[in-house]
Structures are given as C-alpha cells and as structure tokens.
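Biologist: I should like to be introduced to a structure that is new to me. May we proceed by question and answer?

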Amino acid sequence: MEGPTGVVFPTTDSGRSTTALGRAVVADALRAVDPVGARSAEHETNWRHGYLGHFRRLVEAGLLSRDAAVTIARDGLASLHARMRVISDGGAETGLAEVFTDPGGDQPLDTATVTGGGAVERELSLPYRGQRLRGDDLHRRLDAWVAAGVIEPSCAEAVRAVMANPDWLDLSDERVVVLGAGAEMGPLPSLLRWGGDVVAVDLPRPEIWRRLLRTAHRYGGRLHLPVRPGAAGDDQAIAAGAGADLLHRLPQAADWLLGVDGRLVLGNYVYADGATNVRVAMAVDALTRHLQQRRDDVALAFLATPTDVFGVPGEAVQHAERGYAARGLARRSLRLLSGGRLLHRNYPPGADPGINDSLVPQQGPNYALAKRLQRWRATVARDAGSTVSFKVAPPTRTRSVLRNRALAAAYAGAHRFGIEVFDPATSNTLMAALLVHDLRTGTPPLPHPWQEEAYGAAHGGLWRIPYAPRSALGLAVLLGLGGART
C-alpha cells in the first residue's frame with residue numbers, strides 16, 4: 001500500500017509515529033519553562049492515556065507569567081515546524097519549512113464569485129430551540145445563560161455590543177477566509193446572511209461546494225471560491241471544479257490566498273478524524289505563517305474546544321464552589337461510595353485563576369495536539385501585535401461528536417450536571433457574532449494569555465459546574481445512553 005503524501009509525521013524507528021511526535025513536542029514546549037515537566041513528558045510510556053496530565057501541565061507552567069505562556073507557545077510551534085515533513089506526489093520528502101520553495105507543477109487557481117439573491121439581515125438574531133431570538137428575547141437568553149454559568153459574562157457583553165451596533169454585521173469591508181468552509185461550526189452562513197464577503201476554502205469535493213453554493217444563493221453576501229482554470233458556468237460546473245487541498249496542495253492554496261484583495265481574516269475551522277487532524281492543523285499553521293510573512297494585513301480567527309484545559313477567572317471558581325456546597329445528599333453519598341473517584345470538586349477553594357481540566361480521553365492525544373497548536377498560534381500572533389479572535393465555543397452536537405457513541409451519550413446526559421449542549425446552528429451563529437465583535441472592536445489587551453483565552457468564552461457550563469468534568473463523565477454517559485441522538 002502506498003504511503004501518505006502531503007504534510008506527514010516524521011519518521012521514527014517505529015514508523016511515522018503520532019505518539020513520538022506528541023511526546024517530543026510537549027517536551028520541547030515545556031523545556032525552557034518547566035524542565036521537570038519536559039522530562040516527564042519525554043519518559044511517558046503510555047501516551048494514549050497519560051497525555052492528559054502533560055497537556056494540563058502545559059497550562060499550569062504557562063500560568064507562571066505572560067513570558068512563560070508565550071515561551072511555551074513559541075517553542076511548541078517551533079518544534080512542530082521543525083519536525084513535520086512533506087512528501088510530494090513523486091515521493092520526495094522535505095521539511096515543512098521548505099514546502100513553499102517548490103510549488104510543484106500545479107496550475108494556479110482561478111476565482112469564482114457568487115452573489116446571493118437574498119435580503120441582507122441587519123439585526124442580530126440567534127436560532128435557539130426552534131425559535132429565532134432577537135431583541136428582548138435574546139437579551140433574556142443571554143441573562144439566563146450567564147446566571148446558569150453557561151457562558152462568561154464577557155461573552156454576553158460582546159453579543160450585546162453587536163446587538164447595539166447592527167451596522168457591524170456587514171463585513172463586506174473584510175475578506176473573511178473560512179478554512180474548512182463546510183464545517184458545521186464555521187461562520188460562513190451567518191456572514192453571508194449579514195452581507196459579508198466570504199472567501200471559502202475546502203476540499204475539492206463537489207458535494208461540499210453544491211451545499212455551499214445553495215447557501216450563498218439563499219443570502220445576501222458574496223462567496224469567493226477557488227476553482228480550477230476553466231471551471232465556469234452553472235453551479236454544477238463550478239462545484240465540480242472548486243476546492244483547494246491544504247494537505248496535499250499547500251503552495252497552490254497559499255498563492256491563491258495571497259492574491260485576494262482586501263484585509264484577510266484567516267479563520268481556522270478545519271477538522272479531520274484521528275491523526276489526519278494534526279496533519280491538516282499543521283498545514284493550516286504553515287499557511288498562516290506564510291501569509292503573515294508576506295502580508296501585513298492578516299488577522300486570525302480560531303474556535304477553541306471547551307474540552308481542553310484552561311485558566312479560568314476566580315469568579316468562575318466561586319460559582320462552582322457555591323454549587324458544590326449546595327449539592328444534595330444523593331451526590332454526596334455517591335462521592336463517598338465511589339471512594340472519591342466520582343463527582344469531586346472542580347477547583348481547590350479560592351483558586352484564582354482556577355484550572356479547568358475538561359480534556360476528554362475519548363478524543364485522544366491527536367485531537368488535543370491539533371487544538372493546542374491553534375492556541376499556541378493565537379498566543380504568539382497576539383503577542384506580536386496581530387488582531388486575533390480566539391473564542392472558546394460551547395459543546396455542540398456536531399456530526400463528528402455524535403459519531404462517537406460515548407461522547408454522544410455524555411452530551412445527552414450533560415444537562416443533569418448543569419452543562420448545556422448546543423445545536424450547531426446556535427453555536428455557529430453565536431461564534432460568528434463574537435467574531436464580528438472582535439474584528440470591530442479588537443480584543444482588549446489583558447495581562448496574561450490565559451485571560452485573553454477566557455475573554456468571551458461560551459464553554460457551555462464546563463467552567464462553572466461544581467464537579468471536575470471527567471469525574472462526572474461516566475455518570476453523564478450512563479444517564480445519557482437512553483437519550484443519545486444518533
């Protein structure tokens with residue numbers, strides 16, 4: 001069987017090992033700030049399960065100072081870029097850093113532009129449980145979410161600012177690049193609804209583009225998409241020739257994006273299963289760095305998973321502590337009967353900042369690394385003065401989550417513990433509104449990267465529930481097995 005091409009993992013004695021890469025990168029990221037943690041990661045013999053503690057340690061070590069957090073991010077990215085490789089169609093292997101020096105024989109991509117025929121929406125509205133909330137109804141929903149601990153108060157404040165300034169919604173003065181344009185969590189539908197100019201990048205798969213073209217026609221914005229030369233005509237012809245392959249044709253995609261007029265907002269919404277997720281995430285990061293080196297107008301946008309480790313405000317810790325103190329007899333008894341393994345408190349009393357550890361073992365170390373490297377890029381870019389929109393998104397019933405039976409069951413039972421799981425339409429509209437806020441106002445300069453990550457977070461309640469999420473996960477699965485959506 002032929003081996004992989006495009007962006008690939010480095011070779012070790014045991015082949016192209018995802019475990020070896022993850023272990024080495026985490027160690028490299030920690031080495032300057034936490035050498036003991038680095039040695040611990042290097043000597044981890046069970047990375048598939050042991051990675052959880054090391055990814056937490058990356059956050060703990062970064063809390064020492066702003067410089068520590070930026071150093072970890074910079075060194076982690078440097079390690080990844082030094083280690084990852086690229087294999088051409090002909091089998092030649094080079095380092096990732098050399099991928100743009102040899103563009104290969106690919107023809108340059110053309111651009112197709114589709115202007116929608118729908119009305120442009122000039123008021124923020126949010127789909128929620130079969131309704132479309134706007135005005136006072138949306139204000140009340142934001143109040144309810146804040147009271148329940150589902151979103152941070154700063155998230156509600158940002159959404160209210162967009163509601164108060166509806167002219168912000170029109171992003172036709174920006175070129176928002178949606179990498180992974182077909183993703184359920186991406187902002188493409190909302191941006192087109194609000195009349196924006198969206199530059200869409202996704203794989204050359206006609207079924208993706210047929211769906212995106214239908215969306216473009218429905219709303220009032222403009223969709224710009226990469227197409228093979230000569231791929232003109234009706235939607236069927238455009239869809240058949242549309243797409244850019246970041247994993248295997250990275251220089252071709254980069255050259256096309258370098259030719260886009262207007263300020264670029266590079267939005268990262270890519271996802272793939274398993275180890276491919278790291279490969280695609282690294283392709284996007286190489287693209288990001290390449291564009292930043294050649295254009296001085298590149299802003300970045302990221303969605304962070306809530307199932308990760310974050311520093312959280314003392315106010316969130318206090319909210320969780322109040323819930324823990326008020327827990328009922330049944331849950332107190334369950335903790336005792338389990339020998340303390342179940343339903344232990346989310347934070348040490350008085351922690352400020354607290355460390356919320358919502359890593360989910362079922363998602364695995366490759367998922368954790370792919371999401372962490374995006375956080376590192378956001379930290380490094382913001383430290384260098386770039387405009388960055390980085391937002392923690394809520395737990396969401398996406399197709400990729402529901403394919404995992406355990407996660408689907410956990411999501412179905414999560415409400416028993418104060419966690420709200422969102423439908424994709426609610427999540428992607430909420431996140432698009434937060435993107436608009438960040439592009440129109442800029443995120444406030446804060447003393448530490450953990451605070452910048454926490455600003456505007458919509459974590460679904462994971463930061464403010466009484467219990468450490470993994471200590472409630474098994475119970476949520478059991479409670480949700482009967483109600484999991486499939």
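The exchange below concerns one strand and one arginine.

Modeller: This is a predicted model, in which local features need pLDDT of at least 70 and side-chain atom pairs count only at pLDDT 80 or more, while totals for chains, interfaces and linings use all residues. Residues are numbered from 1 along each chain as its sequence is written, and side-chain values use heavy atoms, with hydrogens and water left out.

Biologist: Which residues of strand E10 are buried on the side opposite Leu264, Leu266 and Asn268?

Modeller: Strands are DSSP runs (E, at least two residues; helices are H or I, at least four), numbered from the N terminus. In a regular strand, side chains alternate between the two faces of the sheet. Buried means under 20% relative accessible area with a 1.4 Å probe, protein chains only (exposed is over 50%, partly exposed in between). Both faces of E10 are covered, and the buried residues on that other side are Val265 and Gly267.

Biologist: Which residue of E10 is the bridge partner of valine 176?

Modeller: Strand E7 (residues 175-179) runs parallel to E10, joined by five bridges; pairing requires at least two DSSP bridges. The partner of valine 176 is valine 265.

Biologist: Is arginine 464 buried or exposed?

Modeller: Arginine 464 lies in the loop between helix H18 (449-454) and helix H19 (469-480). Because its relative accessibility is 6%, arginine 464 counts as buried.

Biologist: Which side chain does that of arginine 464 join in a polar contact of 3.2 Å?

Modeller: A polar contact is a pair of N or O atoms within 3.5 Å; within protein, one must be able to donate a hydrogen and the other to accept it, and residues adjacent in sequence count only if both atoms are side-chain atoms. The partner side chain belongs to histidine 319.
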